[in-house]
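Thanks for coming. I will go through the cysteines, then the cores, one helix and the ligand. Please have the sequence and the structure open.

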Amino acid sequence: MELCGGQTHAIVRFGVDELLPASLTLVHGPGCPVCVTPIELIEKALEIAARPEVIFCSFGDMLRVPGRSKDLLTVKAEGGDVRIVYSPVDALAIAKENPAREVVFFAVGFETTAPANAMAVYQAAQQHVANFSLLVSHVLVPPAMEAILSSPANRVQGFLAAGHVCTVMGYTEYEPVARRYRVPIVVTGFEPLDILQGIYMCVLQLEEGRAEVENQYSRSVRREGNRRAQDLIREVFKVVPRKWRGLGEIPQSGLGLQPRFADFDAETRFGVADRTADESPDCISGSILRGLNKPLECPAFGISCTPEHPLGATMVSSEGACAAYYRYRRNEISAGS
Ligand code: SF4
């Protein structure tokens, strides 16, 4: 299982999986942050973004992720002030320029984006920017791996870990996972050759009966990671239970704001913390994110679900597995039908 949506796209785009022997199957994991954001967080975002006093800032991918009846682009079309930004610090700048408005940043992502979001909150606190807050949906990779490995339906025998997450966090926290579940984990980059080498290292471990953490992406990743970034994450965020699309609630699998920064929590500021919502029953993305199905096995793929009219987040995001198959493999459906 490759853990990163960027790796999934490289695999599908360059046909890496089609080069492998039939005995080796690549399955696509929960490594796209947009895809694993649960629908109830989307509903909370929609509710906050529709408020007249709010400027709602987000990375572009989130704008087309469907909630129960609409997405953030629809809220924007209906008059909501929804803006695409390229960094949470840009959202902080908007807050400083608009002191009479409430500026909310949709803080979605894995450990990779946590340092930048932590920095935005840290600076907001230091500079007393009271009209800035985060809608936090941060998730952590190792607890998701454990949830997959401990499921009775699991069929994953080795992981390609995400090189950019490990650039920040290092890979010491993967070592107990490899030992406990007897599963090889190879920290891997994103180019086709990186992925081929990561697969080779993983298979070599399986053939030799080893279950270790190895680092294919050594040009970027050190075992201990980026300590300064980790310190900043720990200062601003604490580890909390988090709900994942497809995987349900996983204990200690996400980040929430530390009590010291609780004033910057948009969920409490706008009173949406208790909202719940169910996923579309037609979308099997939960099963895809656990490696149990592939996008072409979804009955809705390319028919009622397309990038223009997505039913699930995995068809929207630039890192989503369904979007990758739609872009590079959708002809296989018509060829096979
Ligand atoms: S093709 Fe669409 S409906 Fe099917 S799993 Fe992917 S996102 Fe969900």
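A search of the whole structure, which is a predicted model, turns up 1 disulfide. The partners are Cys32 and Cys35, with the sulfurs 2.5 Å apart. The torsion about their S-S bond is about 75 degrees, so this disulfide is right-handed. Both Cys32 and Cys35 are buried.

Now, why does Cys166 not bond to Cys4? Because the sulfur of Cys4, the closest cysteine sulfur to that of Cys166, is 10 Å away, too far for a bond. Cys166 is buried as well, and its relative accessible area is 0%. Cys202 is in no disulfide either: its nearest cysteine sulfur belongs to Cys166, at 13 Å. Cys202 has 7% relative accessibility, and the cut-off for buried is under 20%, so Cys202 counts as buried.

Next, the cores. In soluble globular proteins, nonpolar side chains tend to be buried together. Here the largest nonpolar core has 89 residues, and those touching the most other members are Phe56, Phe106, Phe132, Tyr174, Ile185 and Phe237. A second core, separate from that one, has 12 residues, among them Ile288, Phe301, Cys322 and Ala324. Back to Phe237: leaving out residues up to four places away in sequence, its contacts include Ala114, Leu134, His138 and Leu257.

Helix H7 runs over residues 141–149, and 7 of its 9 residues are buried. Among the buried ones are Pro142, Met145 and Leu149.

Last, the ligand. Which residues come nearest to it? Of the 13 around it, they are Cys283, Cys298, Cys305, Thr314 and Cys322. The shell has 10 nonpolar residues, 3 polar and no charged.

How values were computed
Residues are numbered from 1 along each chain as its sequence is written. This is a predicted model: local features need pLDDT of at least 70, side-chain atom pairs count only at pLDDT 80 or more; totals for chains, interfaces and linings use all residues. Side-chain values use heavy atoms; hydrogens and water are left out. Buried means under 20% relative accessible area, exposed over 50%, partly exposed in between (1.4 Å probe, protein chains only). Helices (H or I, at least four residues) and strands (E, at least two) are DSSP runs, numbered from the N terminus. A residue is near a molecule or strand if one of its heavy atoms lies within 4 Å of it. Ala, Val, Leu, Ile, Met, Phe, Trp, Tyr, Cys and Pro count as nonpolar, Asp, Glu, Lys and Arg as charged, and the others, Gly among them, as polar. A nonpolar core is a set of buried Ala, Val, Leu, Ile, Met, Phe, Trp, Tyr and Cys residues joined through side-chain atoms within 4.5 Å. Contact means heavy atoms within 4.5 Å. A disulfide is a pair of cysteine sulfur atoms within 2.5 Å.
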